[in-house]
Every structure is written in C-alpha cells, then in structure tokens.
Amino acid sequence: MSELRYSFASRVSNLIPSPLREQAKYVQTADDYIKLTYGYPSNQAFPIEKLAKLSDKIYRQHAVEFMQYGETEGIPKLREQLKSRLHQYQNLDVVSNDILITSGSTQGMDLVFKIFVNEGDTVLTEEQTFIGAVNSIKSYGGHAQGLPFDMTSGCIDTEALEATLSADTAHRIKLLYLIPTFQNPIGTSMSLEKRQEVYDICQKHQVMIYEDDPYGDLLYSDIESIPKIKSLDTTGNVIYAGSFSKILAPGSRLGYLLAPKAVFDKLVLVKQVADSFANLYWQYLASQLIDDYDFNEHIAYLRQLYKVKADAMVGALRKYATKDMTFVVPDGGYFISVKLNDDIDSSAFYDALDQRHVGVIPGNVMSAAGQGYERYFRLNFTLPSVEEIETGIQRIAQAAAVAQVKQ
C-alpha cells in the first residue's frame, strides 16, 4: 500500500516546531546543564502548603462545580476578583471592558489573533519579541513585522510606527503586539510618555494594541510602577493580557484578557470553539487563594526572591563578562539580554558554550524576522540557583574568550 499523502491547510504549511520547546526537551532534562534559558519560575515560588490546604477546602465545597461543565467566560467570582485588583492597583476600566479567563496567556493571544487576523494581514511587534506570539500570528496566515527598538527608552521607534501605519493604505495592519513592561527578551520597560505616544498613534490609525503583561507585578528596583497602556485607553483600542503563570504556577494554565465588550463577545465565541472553558479546578483554587490569603504578600515574596537572583546575575556579568559583551540591567521580570562584542565569533561562542553545558536562548530565536540578532542572547535568572548563576556566567565569559577573533 502506498503511504497516504496528507493535505494540510495552507495556514500550517509554514509553521515549524518552536525552537524554544524543541531545545527545552533536551536542555531542561539534562542534569549536567546549567539552565539560564526558559521563562520558568523558581521551584521556591510555588505556595504549595497553602494550595494543598485550599485544595482540600474546594474539594469539600466546590467539587461538583469544578467537575462539571463551566462558563466559557470563567467562574464569576474569579473574574470579579481580577476586575477588582486591576481597577484598584492598575486603574484599569473594568466597566467598559470585561474579563475572559483563558487557558494560559498563550491561548489569549491565539484567540485575539484569530478574531482579527486574516490571511495576508500584518501584526506589528517589537523586533525582538516572544516567539510564541510570532508563531500564533503565522498560524492564521498573518505576517509578524518587527519595528526598530530602542533599548535606552525600552520602546519601539515611534516615528517608524507612525510611518508604517500611514503607509498602510490597504488597512492590512490589524494589531500592534507589545510587551511594554519588563520586555521579553530584552528586560526593558517603556516610559509613560512613550506609552502615551504609542497609544495616540494607534488610536489615530484605528489599530488595536495587544498589551501582553505576564511580568508586570515583578518589580525589583525602587522605581515607581509605570501605568499600563490599558490605563490610558478611553476608546476601546487596547486589549490587556495577564497571566498566573509567572506569579502562581505555569501548570495552572490560567491567563486572562481584559477587552472592550464588543471584542470580549467575539473572544467568548472563539473560545467556545477552542476548549469551551479554562480549567475549573485551578480557577476555584486561584479564587480561594485570593480570598483566604494576602495575594499582595505573595507578590512581595516573589519580588524579594527574584531580586536576589537578578542582582546575582547582574553582579556576575559585571564581574566576569564586561570585557566581551554588554547587557541590559532590568528593573523586573525574568530576563537579561546580552550582546556579544563585534570581535566575538557568535557561532564559535555558541559551540564553546554548548561544550561547557550552559543553556541560553539565542537572539534570532526571539526575533520577529528570525535573523539579525546573532550577537544577542537571553538569560533567565528566576529558575537557577545563585550558585548556578555564578558558575553559568563564568562559563559564558570563558566561551566568549575562546570565541574571540584573532586580530
């Protein structure tokens, strides 16, 4: 019998496995690797004892509810709790907007791109950005177009944004996808003035902004929290995305979207097709955690835990690596972006790093175009121990020294 030839839809023909997840299969399971790679929280970050107690409580009080079918929008109590927190602490409008609980923030962006992006449409992004968003855009036949990014201001080039939108006479640009706070992979944060400027440009051209904010609570420096772009939104131009992955547990697969009600209604429809509703057990568990404990205290604990690690990585980079590379010092989040000097052979560097069993994320993997960032790489400081961070940065410096081009 001849082998069946599968006729796949054109929208998946150009998709390739995520380099992050493919590499993760090896590096994350290799005991002899120092993993400065993926955006994993620390194993110390999980409130396991509290969750164990709450799990018993919700089994006694809500077992039937979370074992049955649930509402696509999410359980009402958790949605109201999130609205209350977003209004109280972020000054977001929760009257003209509504909250949809999603199966992780990744599903949130997938649903948004699904309702806005037709084949051949464009979504603007930062030049270096989250690869999951790029792949999601491509899955609907869209094109992710990176805009120049200024690491000093932590912002896309607003002149380029204005020029790009002005030139789009066919109106094929549907969204601007941004990670304005503790950007992934760079670690920078956009100033309030730049956020207002970006919002005004997009509002003028009637282009939606997708504000992805999984790290926004994790501030480690003494700077004041910068208002969200969504807090500036008076015209229904911004969709705000949050997540429990970085502040509770990735295994919860809980994210959420705060969207204008007309957009919210469409999101509910496509989520009904996708999975009907997000995991009810974890929705009840997260809601009960917010009810019974001080969630701000938990956030404060995470900030303290990760500040120690962030400071350790910055200190190690300053101690060992300033000769051959430069780096961005973040105010929060999970990552530090590093750039090799021009006299370092990037291919030789990655070979030398692999030999020394240190995992990092190459810059091209985290770029909209998939090229042009050979000299950049991303480091994660939340998962490894302080000792692993110190050793890992030492090995990175050794790899750079080995890869230096002979003059």
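A crossing of two helices is right-handed if the near helix is turned clockwise from the far one by less than a right angle. In this predicted model, α2 passes α9 in just such a right-handed crossing. The protein has 12 helices and 15 strands. Its radius of gyration is 22 Å, close to the 22 Å that the globule rule gives for 407 residues, so the protein is as compact as a globular protein of that length. The C-alpha trace spans about 65 × 65 × 55 Å along its principal axes.

**Helix α9 and its partner α2**

- Two packed helices are described by the angle between their axes and the distance between the axes.
- For helix α2 (residues 48–67) and helix α9 (residues 280–292), the angle is about 125° and the axes are 9 Å apart.
- That angle makes α2 oblique to α9, because it lies outside the 65 to 115 degrees that count as roughly perpendicular and is not over 145.
- On the α2 side, the contact is made by Lys 50, Leu 51, Leu 54, Ser 55, Lys 57, Ile 58, Tyr 59, Gln 61, His 62, Glu 65 and Phe 66.
- On the α9 side, Leu 280, Tyr 281, Trp 282, Tyr 284, Leu 285, Gln 288, Leu 289 and Asp 292 take part.
- By class, the contact of α2 with α9 has 11 nonpolar, four polar and four charged residues.

**Helix α9 and its partner α3**

- Helix α3 (residues 76–90) also packs on α9: their axes come within 9 Å and cross at roughly 45°.
- α3 and α9 are therefore oblique to each other.
- The crossing of α3 and α9 is left-handed, whereas that of α2 and α9 is right-handed.
- Lys 77, Leu 78 and Gln 81 of α3 make the contact with Gln 283, Ala 286, Ser 287, Ile 290 and Asp 291 of α9.
- The contact of α3 with α9 has three nonpolar, three polar and two charged residues.

**Helices α4 and α8**

- Helix α4 (residues 104–116) packs with helix α8 (residues 261–274) at an angle of about 110°, and their axes are 9 Å apart.
- That makes α4 roughly perpendicular to α8.
- α4 and α8 cross in a right-handed sense.
- From α4, the contact draws on Gln 107, Leu 111, Val 112, Lys 114, Ile 115 and Phe 116.
- From α8, Val 263, Lys 266, Leu 267, Val 270, Lys 271, Val 273 and Ala 274 meet them.
- The contact of α4 with α8 divides into nine nonpolar, one polar and three charged residues.

**The seven-stranded sheet**

- Strands of a sheet pair through backbone hydrogen bonds, either parallel or antiparallel.
- Here, an open sheet of seven strands runs in the order β2-β10-β9-β8-β7-β3-β4, and the pairing is mixed.
- The edge strands are β2 (97–103) and β4 (143–147), and each pairs on one side only.
- From one strand to the next, the twist averages 25°.
- β2 and strand β10 (residues 254–260) run antiparallel and are joined by seven bridges.
- Thr 102 has Gly 255 of β10 as its bridge partner.

**Helix α7 on the sheet**

- Helix α7 (residues 192–204) lies across three strands: β7 (173–178), β8 (208–212) and β9 (238–243).
- α7 runs at about 145° to β8.
- Those strands sit side by side in the sheet order, as β9-β8-β7.

Key: Residues are numbered from 1 along each chain as its sequence is written. This is a predicted model: local features need pLDDT of at least 70, side-chain atom pairs count only at pLDDT 80 or more; totals for chains, interfaces and linings use all residues. Side-chain values use heavy atoms; hydrogens and water are left out. Axes are lines fitted to C-alpha atoms, for helices over the stretch in contact, and angles run from 0 to 180 degrees between N-to-C directions. Helices (H or I, at least four residues) and strands (E, at least two) are DSSP runs, numbered from the N terminus. Angles under 35 degrees count as roughly parallel, over 145 as roughly antiparallel, 65 to 115 as roughly perpendicular and the rest as oblique. Contact means heavy atoms within 4.5 Å. Ala, Val, Leu, Ile, Met, Phe, Trp, Tyr, Cys and Pro count as nonpolar, Asp, Glu, Lys and Arg as charged, and the others, Gly among them, as polar. Two strands pair if DSSP finds at least two bridges between them. The radius of gyration is taken over C-alpha atoms; the globule rule is 2.2 Å times the number of residues to the power 0.38.
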